[in-house]
Amino acid sequence: MTTAQPVQPHIAEPSVPGTSMTYFGGPPFRRYLLLYILAMAGITAVYGGVGAVILPLQVQDIEFAHYFVGPDATANLQQLTNLKAQIEAGTAMATAQQQHQLDLLASYEAARASSLSIVTAVGSIATMFVQSIAGLLSDRTRSRWGRRAPWIAGGAVLGAALVIGARYSAGIGLLIATWALAQLAINTAQGALGTTVPDRIPHNKLGTVSALSGIGTLFGALLGAVAAGTLFSAMGLDAYYPFALALAVTGLLFALVARDRSSTELQLPAANWLALLKSYVIPLRSPDFRWVWIASVTMMFSYGASNAFSLYMMQSYIQPALSTAEATRLIPAMSLAVIPGTLIAMLVTGRLSDRIGRRKPFVIGASGLFAVSMLVPLLWPTLASLFVQNVIAGLAAGCYLAVDRALLIDVLPDKQAAGRDLGLGSMSFSFGQAIGPVIAGQLVALTGGYGVVWVISLLAALAAAAAIMPVKKIK
């Protein structure tokens with residue numbers, strides 16, 4: 001005689017053995033959502049803090065030691081940058097010694113931008129297929145913790161260890177290797193984590209969950225930037241440690257507390273790995289999925305290019321130029337200025353999108369607004385313009401992140417292969433963020449200035465808006 005299982009309100013048990021339950025509300029839904037947001041914030045804090053602040057500072061220190069040696073090691077880069085602006089304006093002339101250091105400054109600026117773009121890009125390129133592969137493998141994972149948890153916990157812990165390894169990378173080559181491996185592990189966790197949304201959330205809550213998870217994504221990145229500026233001033237490169245700890249703890253918490261159903265009873269056909277690899281092109285055969293994928297690539301290109309050199313722009317693009325210490329202190333303030341508008345935009349856009357049943361206008365409008373933000377520092381290269389650009393871009397990013405994930409889920413060609421297809425969708429983010437800084441960095445090195453960054457970022461954001469227009473499946 002079998003004992004009937006107790007019925008849990010707000011939870012629908014899976015109809016297919018080994019798959020996840022569905023949350024319709026109540027404490028289980030709220031617990032899942034809280035832990036999902038925390039885990040996503042732990043991941044994006046690494047990108048916002050380490051990737052946007054600590055890593056550029058480390059690259060900068062490595063390159064400075066290459067060019068400014070001996071008697072030039074005491075050169076004041078802030079004074080040199082301001083002198084360069086005065087010479088270009090025709091209000092000053094350089095001495096022989098100053099010209100020598102200005103030549104070193106030009107070589108250093110080009111190397112710094114190029115090295116950071118390579119460090120950033122190699123990691124992103126290495127991870128382009130990871131989220132998709134992790135999603136595909138997690139679709140087929142049997143464990144008593146469910147299909148996704150082993151990948152989430154394992155990726156977070158391994159990623160944390162590799163983030164610490166980046167702290168001890170004394171050269172650009174080793175930094176490239178450790179940061180790329182760290183991103184591989186972190187993206188594995190992120191890919192499996194993102195797949196829990198279509199696993200457990202009903203369609204009528206996707207917009208709300210997408211908005212709230214977008215808050216976790218953005219808040220993690222912004223909090224990471226704020227914390228990095230403060231921690232680096234106090235701890236130097238040891239600031240890597242708190243980010244590694246947050247990544248490991250939030251990943252483990254999700255896996256252990258937001259428990260999934262066991263997947264040990266999952267019934268799977270024999271794996272044909274060649275066919276599985278070929279299956280990656282299947283979702284791109286869907287016109288709607290393909291257009292959304294292209295839009296994500298171009299939007300993330302714009303985002304990656306415009307954000308990769310924020311710290312350097314404070315020291316080399318705006319007038320008057322800031323010192324490294326001043327720029328590092330101001331990064332948290334700039335990040336904090338973005339938060340209120342971004343949070344409001346996310347909350348309003350996600351709920352409104354669910355209520356009216358439309359996604360396209362929000363994504364198109366957000367992409368257009370993001371493009372407009374690039375005009376401010378392009379036409380007005382001051383510190384104030386960087387703040388204005390970040391606030392406007394934050395509003396746009398809030399609208400975009402609130403709806404983009406729901407839009408991608410809406411156009412999935414095969415709901416039964418959500419892990420594979422969402423992983424491919426996430427690859428568009430990695431691809432865009434990879435090529436954006438690379439192209440921008442090389443253009444900076446070629447032109448000797450950062451103005452070109454705003455031009456290509458503006459054009460890419462407009463392309464993202466245009467790519468959404470042909471989508472037909474959703475409004």
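**Notebook: pockets, cavities, salt bridges and a surface patch**

I began with the second largest pocket, which 13 residues line; Lys-84, Glu-88, Ser-316, Tyr-317 and Gly-448 lie nearest its centre. I worked on a predicted model, where local features need pLDDT of at least 70, side-chain atom pairs count only at pLDDT 80 or more, and totals for chains, interfaces and linings use all residues. Residues are numbered from 1 along each chain as its sequence is written, and side-chain values use heavy atoms, with hydrogens and water left out.

**Pocket**

I noted a volume of about 270 Å³ for the second largest pocket. Helix 2 (77-89) and helix 3 (96-126) each give at least two lining residues. Helix 2 supplies the largest share of that lining, four residues. Helices here are DSSP runs (H or I, at least four residues), numbered from the N terminus. The search ran on a 1 Å grid over the protein atoms alone: a pocket is an open set of points with protein on both sides within 12 Å along at least five of seven lines, a cavity is a set where a 1.4 Å probe fits but cannot get out, and lining residues have an atom within 4 Å of a point. Grid points are joined across faces, edges and corners, and a volume is the space filled by probe spheres set on the points.

**Cavity**

I searched the whole structure and found two cavities of 30 Å³ or more. The second largest cavity holds about 40 Å³. Its lining is Ala-39, Ile-43, Ile-152, Ala-156, Ala-189, Leu-193, Leu-247, Thr-250 and Gly-251. Helix 1 (26-67), helix 5 (149-167), helix 6 and helix 8 (240-257) each supply at least two of these residues. Helix 8 has the largest share, three residues.

**Helix 6**

I checked helix 6 (residues 172-200) next. Its 29 residues reach 42 Å from first C-alpha to last, close to the 42 Å expected at 1.5 Å a residue. The expected span is 1.5 Å times one less than the number of residues. Of the 29 residues, 23 are buried, so helix 6 is largely enclosed by the rest of the structure. Buried means under 20% relative accessible area, exposed over 50%, partly exposed in between (1.4 Å probe, protein chains only).

Ile-201 sits in the loop between helix 6 and helix 7. Ile-201 counts as buried because its relative accessibility is 6%. Ile-201 and Phe-29 are 172 residues apart in sequence, yet 8.5 Å apart C-alpha to C-alpha.

**Salt bridges**

I counted two salt bridges, each needing a side-chain nitrogen of Lys or Arg within 4 Å of a carboxyl oxygen of Asp or Glu. Arg-112 pairs with Glu-109, closest N and O atoms 2.4 Å apart. The two are three residues apart in helix 3, so about one helical turn separates them. Both are buried.

Asp-238 and Arg-167 form a salt bridge at 2.9 Å, N to O. This pair links distant parts of the chain, 71 residues apart: Asp-238 is in the loop between helix 7 (206-235) and helix 8, Arg-167 in helix 5. Asp-238 is partly exposed because its relative accessibility is 29%.

**Nonpolar patch**

I closed with a nonpolar surface patch of Leu-369, Val-372, Leu-375, Leu-379, Trp-380, Val-388, Val-391 and Leu-395, about 660 Å² of accessible area together. Helix 13 (360-373), helix 14 (375-379) and helix 15 (383-410) each give two or more residues. Helix 15 gives the largest share, three. Patch residues have over 30% relative accessible area and no salt bridge, with nonpolar side chains (Val, Leu, Ile, Met, Phe, Trp, Tyr) joined within 5 Å and like charges within 9 Å. Areas come from the Shrake-Rupley method with a 1.4 Å probe; for residues, only the protein chains shown count as cover. Leu-375 lies in helix 14 and is partly exposed at 36% relative accessibility.
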